[in-house]
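Colleague: I am new to this structure and would like to go through it with you. May I start with a few short questions?

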Amino acid sequence: MRLDVLPILSTLRRHRLTATLLVLQIALTCAIVSNAIFLIGDRLGWMTTPTGVAEDRLMRIVVSDIGRRGDIHARAQADLAELRGLPGVEAATIGNSLPFSGTTWNSDVSRSPVQGAPATAVTLYYGEGLAELLGSRLVAGRFFRSDEYAWLDDHLQGKAPGPTVTLITRDLATRLFGDGDPLGRTLYMHGDVLRVVGVLERLPGAAGFTRDRANDSIVLPWRMVPASGGGYIVRAREGETQKALVDAVKALKRLDPRRVIVSARTYPAIRARFFADDRATAVTLAAVSIALLVITALGIVGLASFWVGQRRRQIGIRRALGASRKDILRYFQTENFLLASMGIGLGMVLAYGINIVLMREYELPGLPLVYLPVGAAILWALGQAAVLAPALRAASVPPVVATRG
Amino acid sequence: MFGYYLELALHSFRRSRALTALMIVAVALGIGASMTTLTVLHVLSGDPLPGRSGSVFLPRLDPRDRDGYDPYAALPSQVTWTDGVDLLHARRAARQALMVGGATAVQSDEREVDPYLVTARYTTGDFFPMFGVPFRFGAGWSAADDDGHARVAVIAASLNDRLFHGRNSVGRTLHVDGADLRIVGVLEPWRAVPHFYDLATGEYAGAEEVFVPLFTARELKLKRNGGIECWGQGRTDDDRIESSTCVWLQFWVQLDDAAAVASYRAFLDGYAHEQVALGRFTRPSASDLTNVRRYLDERQVVPGDVRLQVWIALGFFVVCLVNTVGLMLAKFMRGAGELGVRRALGASRRSVFTQLVVEATLIGVAGGVGGLLFALLGLALVRLQSTAAAQLAHLDGTMLAATFAASIVATALAGVVPAWRACRVPAALQLKSQ
């Protein structure tokens, strides 16, 4: 294949400003699009963080009971018995939190009882049988026994002692105990001494501190009442989530018509709210990238058409001197390829620069090098696609044009 | 002369419709994207208390135990009950308010409406004058009402509309979670953006719908909401939270001049030292007085994503402009022959240049109109999402004017290089090549 690079370069030198502008535009597009694709991937990765729970079948209903009448424990048990009796409901409990639900309960745990010893921040999960209900997978040890549970409100009022057992996630186990067996080890939490009885595969926190520490959670054997942050957490039977939610709300209203339903949402809706900002950013980035590519493509079409119009006579002369249509076509394609390559070269440097700024300002990871060839390939393809129509028009200029004008 | 330039510009647009449309669309998209993201940034990073935020301060202490002590970490932004009440009763600032958020069921004295849950703020009376909250009917309550646990309430316009059909409800009774409160004031629609005085209940939360004196609310055991940080034996049980080692109340003061700030700082520092001496505070004495703006910066309230989106949109706009410069250059050069004729017939280089810049500016005007439409569309899309900005994203007069100005200035500047280039070509050369 014969590439007429030199004549192209000498032509471009005569259109230095226009060529420079096109190169600049391709460079900026390449830089922004590579970073945008990287950021979108980063957000999608975060948004699809696995929770290890039966997401499609879970829901949470938060109520506010007006006035305080009767035995709160008995009422909570009665509510739960009613919920568990519903046909679409597989399990129900009262719990404090769900992964990525926003309202977070935190504390810190330490491997040493000494005050001021290094501590690790953790998300706390409370609720009778909560881990089992959520469907969190146990990788070692056991879940809590029913005699290990106590009422949280009793404890807060000093009527029940603190917990003595805990479930922790595998990530947290590794962070705290390295490769050692976490079962039977002891954790200290503000005066409470906790023995690890089980290890969960994963259970991300409600707010997920940072991404690499999303799974730093522990479960404590508390029975909760539907007050002070506790909500009904229900697992529906397969395919009956929506119906179970409606039925559960009706049942709770029926038991106490004066209670106010603060929120009743399926887990996918809860999770979607948590990631709303990330989704908005990903959508904005995608929209801007597409618009950017379209504008750049149209810019290439515009400039190439202008050049073809300007060079009609020269093209005619080349055709008259024996150049084939294919030669003319290839000429414009090569020209575009050269311009795109220059733009991509500059764009990669720019992309890297933008990434360094982003890393500093937004604590983002570095741009993996694989994104650079992706950006380059997109722009090469875009350039070739955009130049095709003007180049075909150039190729169709008849040799007879040379003899006119 | 200007009319003639306009005519020439329109003539030139008609001759190359596709190219002109392409330039206008590029400018409009760039402007639209930039204005959408800038508007979102503008509303999210606005001043929550216009004209007042410089004189409203957050006094901060460090009552925690020595666990996890880090002398460089920020001090808690909330106070314990003991410290809050002490500082409140010291009355060392022009105004001071101790508060906490909550949620409560309300019902009007017309019992036909079912009770429903609204957000509440339990606060002392200076909340309203300190934050400049406007009243539609009635007024707030006094310090005496606070100390006397008065059974009063102030309600928001939205709650008044819902419970009392917008009529003056001052003197009427509000049933709040089983207790009866007398309504003393109805607010005009008001909200602080961001919700600076209690970020834990939502950084961009709307204003609360019912306001109850703090001591009254505690006596009635109204439901509390918000952030709480405990240490040592502190427990979050609401019934004994007053004596717990937990910070859970927000305390704000108004200090009108530098002397007042200095004197309050000295007072706060003295208070902290005193508590250390008493053994109540176990960490080294620390106190701080943070104003609203600094506090919002410290807590990084404006989402980083919003800034990121602005940068991306501005980058997009730059590409659109570069694109427009390139296309304009092509367009002007294509019309070079005509320019040559005009030059040969006696038009000065300056007048040719002016005419070309007018042509560029005209594209800017059209791009501005298009950009405005794209910005409106963009903001409508933002409102569809469930992000913090969703309810706030509206185009205001300032942004509207800025949209047009930016579009016209940017395109006029983009036209300068191509115009200069086109009018520099010698007239004779262009005529010859015809």
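Colleague: In which helix of chain A is the place of A:Y371?
Modeller: Please note that this is a predicted model. A:Y371 belongs to helix 12 of chain A, which covers residues 371-395.

Colleague: Is A:Y371 buried or exposed, and why?
Modeller: A:Y371 counts as buried because 20 C-beta neighbours lie inside 10 Å, and the cut-off for that class is 20 or more.

Colleague: Which residues does A:Y371 touch, leaving aside those up to four places away in sequence?
Modeller: A:Y371 touches A:S34, A:I37 and A:F38.

Colleague: And how far apart are A:Y371 and A:R273 in space?
Modeller: Their C-alpha atoms are 30 Å apart, with the two positions 98 residues apart in sequence.

Colleague: Turning to the sheet in chain A, what is the order of its strands?
Modeller: The order is 2-12-1-13, in an open sheet of 4 strands with antiparallel pairing. Strand 2 (89-95) and strand 13 of chain A are the edge strands, each pairing on one side only. On average, neighbouring strands are turned by 20° against each other, direction ignored.

Colleague: How many bridges join strand 2 and strand 12 of chain A?
Modeller: The two strands pair over 6 bridges in the antiparallel sense. In one of these pairings, A:V89 has A:A236 of strand 12 of chain A as its bridge partner.

Colleague: Which strands does helix 7 of chain A touch where it packs on the sheet?
Modeller: Helix 7 (residues 241-255) touches strand 1, strand 2, strand 12 and strand 13 of chain A, and its direction makes about 20° with that of strand 1. Helix 8 (residues 267-274) of chain A also packs on the sheet, touching strand 1 and strand 13, and its direction makes about 90° with that of strand 13.

Colleague: How many residues does each chain give to the contact between chain A and chain B?
Modeller: Chain A gives 42 residues and chain B gives 47 residues. On the side of chain A, helix 9 gives the most, with 17 residues. By class, that side has 23 nonpolar, 16 polar and 3 charged residues.

Colleague: Now chain B: at what angle do helix 10 and helix 13 pack?
Modeller: Helix 10 (residues 304-334) and helix 13 (residues 397-424) of chain B pack at about 35°, with their axes 9 Å apart. The crossing is right-handed. Residues in this contact include B:L321 and B:F332 of helix 10 and B:A414 and B:P418 of helix 13.

Notes. Residues numbered from 1 in each chain as written. Chains lettered and ligands numbered in written order. Predicted model: local features only at pLDDT ≥ 70, side-chain atom pairs only at ≥ 80, totals over all residues. Buried ≥ 20, exposed ≤ 12 C-beta atoms within 10 Å, placed from the backbone. Contact = placed C-beta atoms within 7 Å. Nonpolar A, V, L, I, M, F, W, Y, C, P; charged D, E, K, R; others polar. Axes fitted to C-alpha atoms, helices over the stretch in contact; angles between N-to-C directions. Left-handed = near helix turned anticlockwise from the far one by under 90°. Pairing = 2+ DSSP bridges.
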